[in-house]
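Biologist: I have a new model open on my screen, and I'd like to understand the labels people attach to it. Could you walk me through them?

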Amino acid sequence: MSAGWNLAGNPYLSVLNLNTHSGFDAQVGVWQTSGTYTGTYQTLMMGSNAIIPPFQGFMVHRTSGSGSLVIDKAECVNYPASVATFYKTANDYEMNVKVEGNGFADITKIAFNTSATNNFDPMLDANKLHSRLGQPTIYSLNNAMHMSHNILQDVASNPTVPLSLEPGA
């Protein structure tokens, strides 16, 4: 895991719909304890679908500088709200690649968006937080970084996107 990762948590008795925070990437890693992706970190994006239950822990990544993640009470919602309107445009093309085996699963997203660059974009891309030992982990690569969400500028300048698989068993 690279530098800048921080464990945070929802301190409220209410569900959070996280907005973007200055100095932090939009990515939020949430450890899955049940369901299809048990034992893996799955990515949510602040300002889009980062719905966090009360007292749930989650990982955030600091882009630059120092400081704290301050969760404003205005981010509390009385129920898991529908996905909030997000400032960026939808992806032009998008696919999810899923791996399943031995009762476990993992997923990664590759997309193309004219608002993106071909490098890491803190408000669009997300690093891959690896699954626990013995479980499969799948991710794409961008400049040697392991990516959970790899949003690239266009298909023409990225006709191939490398994928990597750690089978886990």
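Biologist: How many aromatic pairs does a search of the whole structure find?

Modeller: The search turns up 1 aromatic pair. Keep in mind that this is a predicted model.

Biologist: Why is the pair of tryptophan 31 and tyrosine 41 called edge-to-face?

Modeller: The ring centres of tryptophan 31 and tyrosine 41 are 4.9 Å apart, and a pair needs centres within 6.5 Å. Their planes meet at 70°, and over 60 degrees counts as edge-to-face, so the pair gets that name.

Biologist: What makes this pair a tie between parts of the chain?

Modeller: Tryptophan 31 sits in strand E3 and tyrosine 41 in strand E4, so the pair links parts 10 residues apart in sequence.

Biologist: Why is tryptophan 31 called partly exposed?

Modeller: Its relative accessibility is 30%, and partly exposed covers the range between 20% and 50%. Tyrosine 41, with a relative accessible area of 21%, is partly exposed as well.

Biologist: How do you know that arginine 62 lies over the face of phenylalanine 24?

Modeller: Arginine 62 is 4.4 Å from the ring centre of phenylalanine 24; the limit is 6 Å, together with an angle within 35 degrees of the ring normal. Arginine 62 is therefore counted as lying over that ring.

Biologist: And which strand gives the most to the largest nonpolar core?

Modeller: That core has 17 residues, and Leu69 is one of those touching the most other members. Strands E3, E4 and E6 each supply at least two residues, with E3 giving the most, 4 residues.

Biologist: What does leucine 69 touch?

Modeller: Leaving out residues up to four places away in sequence, leucine 69 touches Ala8, His21, Phe24, Phe58 and Val60.

Methods:
Residues are numbered from 1 along each chain as its sequence is written. This is a predicted model: local features need pLDDT of at least 70, side-chain atom pairs count only at pLDDT 80 or more; totals for chains, interfaces and linings use all residues. Side-chain values use heavy atoms; hydrogens and water are left out. A nonpolar core is a set of buried Ala, Val, Leu, Ile, Met, Phe, Trp, Tyr and Cys residues joined through side-chain atoms within 4.5 Å. Buried means under 20% relative accessible area, exposed over 50%, partly exposed in between (1.4 Å probe, protein chains only). Contact means heavy atoms within 4.5 Å. Rings of Phe, Tyr and Trp (its six-membered ring) pair if their centres lie within 6.5 Å; planes under 30 degrees apart count as stacked, over 60 as edge-to-face and the rest as tilted.
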